[in-house]
Amino acid sequence: MVSYTRKILEFLKSSGINDIFMVSGTDYASFIEEYSKGGDFPNLIVIPHEITAVSAALGYSMSSKIGVAFIHTTPGTANSIGIIMNAYSARRPLLIIAGRSPNTLKGDASRNLRIHWGQEAKDQGEMVRQWVKFEFEIRDRSQVIQTLKRAIRIAEEEPAGPVYISIPREITIDEAL
């Protein structure tokens, strides 16, 4: 079986994305682990804070390619808002993939740490909704690739601009069918 983490990385690479600026954390451990196994993936550039990571992705988008940033859950989204607003105003394509507190209470990647309740927001995407062209929370593994395709297309369509996808940790570690 192949994990959705691998499928996401392979899909992004096949879509012409060569670099991903990411903040490490519980949301992206599976991505770093999958990357270490090898494959045809974008480079994962680990950056310690969302402001810097999303700024780097925005700078990357100035080269006429879509910038991609993997950010932490609600705190990472809050840290990124100013740069997302800049991308929106500058009409630069930007793909933001944010982690989401786990939904499940048992099993792999479940809500098993106190921080998962503290970082929960009733509507995480609401923080950025007025500054993005498209916002979506993936709730089922069948939505992953279709949502990413749509997000990239929307970000690059004129007028270009940022898009925001949130993915709970259970989805990224799930095995693909």
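**Notes on the fold and its salt bridges**

1. Let's start with the contacts. Among those in the protein chain with a separation of 6 or more, 78% are made by residues 24 or more positions apart. Bear in mind as you read on that this is a predicted model.

2. Next, the overall make-up. The protein chain has seven helices and six strands, and they come in the pattern α-β-α-β-α-β-α-β-α-β-α-β-α when you read along the sequence. Of its 177 residues, 51% count as buried. As for the surface, the accessible area of the protein chain is about 8300 Å², and carbon and sulfur atoms contribute 51% of that.

3. Now the sheet. The six strands make an open sheet with parallel pairing, and their order is β2-β1-β3-β4-β6-β5. Which strands stand at the edges? They are β2 (43–46) and β5 (134–137); each has a single partner strand, so one side of each has no neighbour in the sheet. From one strand to the next, the twist averages 20°.

4. One pairing to look at is β4 with β6. Strand β4 covers residues 94–100 and strand β6 covers residues 162–168, and the two pair in the parallel sense over seven bridges. If you want a spot to click on, try Ile97, which stands opposite Ile165 in β6.

5. Helix α1 deserves a look of its own. This helix (residues 4–14) lies across β1 (19–22), β2, β3 (67–71), β4 and β6. Relative to β1, α1 runs at about 130°.

6. On to the charged side chains: how many salt bridges does the structure hold? There are six. Arg6, which sits in helix α1, forms one of them with Glu10, with 3.6 Å between the closest N and O atoms. Both residues belong to α1 and are four residues apart, about one turn of the helix.

7. Is Arg6 buried or exposed? Arg6 is buried, because its relative accessible area is 17% and the cut-off for buried is under 20%. Its partner Glu10 has a relative accessible area of 36%, so Glu10 counts as partly exposed. So this salt bridge joins a buried arginine to a partly exposed glutamate.

8. Arg6 has other company too. Leaving out residues up to four places away in sequence, Arg6 touches Glu34, Lys37, Gly38, Gly39 and Phe41. Two of these names, Glu34 and Lys37, turn up again in a network of salt bridges that links them with Arg6 and Glu10. If you're inspecting the model by eye, I'd put these four residues on screen together.

9. Two further salt bridges, for completeness. Glu135 forms one with Arg129, where the closest N and O atoms are 2.9 Å apart; Arg129 is partly exposed, at 36% relative accessibility. Glu135 falls within the range of edge strand β5 (134–137).

10. The other one joins Glu157 to Arg153, with the closest N and O atoms 3.1 Å apart. Where do these two stand on exposure? Glu157 is partly exposed, with a relative accessible area of 37%, and Arg153 is partly exposed as well, at 44%.

Methods
Residues numbered from 1 in each chain as written. Predicted model: local features only at pLDDT ≥ 70, side-chain atom pairs only at ≥ 80, totals over all residues. Heavy atoms only, no water. Salt bridge = Lys/Arg side-chain N within 4 Å of Asp/Glu carboxyl O. Buried < 20%, exposed > 50% of the residue type's maximum accessible area, 1.4 Å probe, protein only. Contact = heavy atoms within 4.5 Å. Areas by Shrake-Rupley, 256 points an atom, 1.4 Å probe, with all protein chains shown as cover. Pairing = 2+ DSSP bridges. Axes fitted to C-alpha atoms, helices over the stretch in contact; angles between N-to-C directions.
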